[in-house]
Amino acid sequence: SSGINAEWPLRPGDLQDEMTFTESVIDDQPKNYQVWHHRRCIIEMKGDPSGELELTEYTLSSDAKNYHAWDHRQWVLSQYKIWDKELEYIDELLTKDLRNNSAWNHRYFVIENSQGWSKETVNKELEYAGTYIKKAPNNESSWNYARGIIKKNKMKYSDFPSFKELCGGMNESHIPSPFLLSTLADIHVEEGNNTAASNIFEKLKDLDSIRVKYWTFKQNQLPVGS
């Protein structure tokens, strides 16, 4: 059984034979953790990741959420510093499916590890996410990406007026998106306008009624009289 970890070290043959063998197993069992790990060990011995990005791209083309393929791809990228065309690959994935949450997560990983999050980079990525937010205002993935890069890098919405303007304009257009409203609530809280934030939480309790208890909790966390 290819799923039994103890069997892998016992296989005879040269490294190229093992590469061919593991590729055939991956094609048949793409979610088999052991084969991905074994392949990583072979690559480390060879010191050559040639073809690995193509292999994971092929695997992800049939299952965009395959964790093992993503994990292997990210290891190859990090280990061998081959970031050059990765954002282009992510662009292709998001063009095909803007709700591909794995691709959004991968975009964060790539930028985090290849260039870091300067204010200029965050602003550029907010503009990037904004194009997808406008296309699909109720796509949680793009909103999470935009809000995440601000929060995780300990920046403020006030640092990015263009993104605030985008959110304000969408709100003026009465776009019914809970992700838009929750972002606006965060902006109001940051600005100390808790009355406005409370009013938005009231709207969210109607618009996103399945999470009414959560929005009530958020509303109750606001300081009184501000």
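Reader: Which residues count as positive and which as negative here, and how far apart do the centres of the two sets lie?
Author: Lys and Arg count as positive and Asp and Glu as negative, while His and the chain ends are not counted. This is a predicted model. The chain has 27 positive and 34 negative side chains. The centres of the two sets lie apart by 7 Å.

Reader: What pattern does the chain follow along the sequence?
Author: Strands number zero in this chain, and helices number 12. Read from start to end, the pattern is therefore α-α-α-α-α-α-α-α-α-α-α-α.

Reader: Is the chain a compact globule or more spread out?
Author: The C-alpha atoms fill a box of roughly 75 × 35 × 30 Å along the principal axes. For 226 residues the globule rule gives 17 Å. The radius of gyration is 22 Å, well over that value, so the chain is more spread out than a compact globule.

Reader: What share of the residues counts as buried?
Author: The cut-off for buried is under 20% relative accessible area. The accessible surface comes to about 12,700 Å², and carbon and sulfur atoms hold 50% of it. Of the 226 residues, the buried share is 43%.

Reader: What share of the contacts with a separation of 6 or more comes from residues 24 or more positions apart?
Author: The count covers contacts in the chain with a separation of 6 or more. Residues 24 or more positions apart account for 56%.

Reader: Where is R39, and which residue has its backbone oxygen 2.9 Å from a polar atom of the R39 side chain?
Author: R39 sits in helix 2, residues 33-46. R39 is buried, because its relative accessible area is 3%. Beyond four places in sequence, R39 touches M19, T22, E23, I26, E52, L55 and H72. The backbone oxygen at 2.9 Å from the R39 side chain belongs to M19.

Reader: Is T56 buried or exposed, and which side chain does the T56 side chain join in a polar contact of 2.8 Å?
Author: T56 lies in helix 3, residues 52-62. T56 has a relative accessible area of 0%, so T56 is buried. Its contacts beyond four places in sequence are W36, A69, H72 and R73. The polar contact of 2.8 Å is with the side chain of R73.

Reader: How far apart are the C-alpha atoms of T56 and A129?
Author: Along the chain, T56 and A129 are 73 residues apart. In space, their C-alpha atoms are separated by 25 Å.

Reader: Which side chain makes a polar contact with the side chain of S182?
Author: S182 belongs to helix 10, residues 178-190. At 6% relative accessible area, S182 is buried. Leaving aside neighbours within four places, S182 is in contact with R147, L204 and W215. The polar contact of 2.7 Å is with the side chain of R147.

Reader: What is the phi of K154?
Author: K154 lies in the loop between helix 8 and helix 9. K154 is exposed, because its relative accessible area is 79%. Most residues other than glycine have a negative phi. K154 is not a glycine, but its phi is positive, at about 55°.

Reader: Where is H174, and what is its phi?
Author: H174 is in the loop between helix 9 and helix 10. Its relative accessibility is 68%, so H174 counts as exposed. H174 is not a glycine, yet its phi is positive, at about 60°.

Methods:
Residues are numbered from 1 along each chain as its sequence is written. This is a predicted model: local features need pLDDT of at least 70, side-chain atom pairs count only at pLDDT 80 or more; totals for chains, interfaces and linings use all residues. Side-chain values use heavy atoms; hydrogens and water are left out. Helices (H or I, at least four residues) and strands (E, at least two) are DSSP runs, numbered from the N terminus. Buried means under 20% relative accessible area, exposed over 50%, partly exposed in between (1.4 Å probe, protein chains only). A polar contact is a pair of N or O atoms within 3.5 Å; within protein, one must be able to donate a hydrogen and the other to accept it, and residues adjacent in sequence count only if both atoms are side-chain atoms. Contact means heavy atoms within 4.5 Å. The radius of gyration is taken over C-alpha atoms; the globule rule is 2.2 Å times the number of residues to the power 0.38. Accessible areas come from the Shrake-Rupley method with a 1.4 Å probe; for residues, only the protein chains shown count as cover. The place of a charge is taken as NZ of Lys, CZ of Arg, CG of Asp or CD of Glu.
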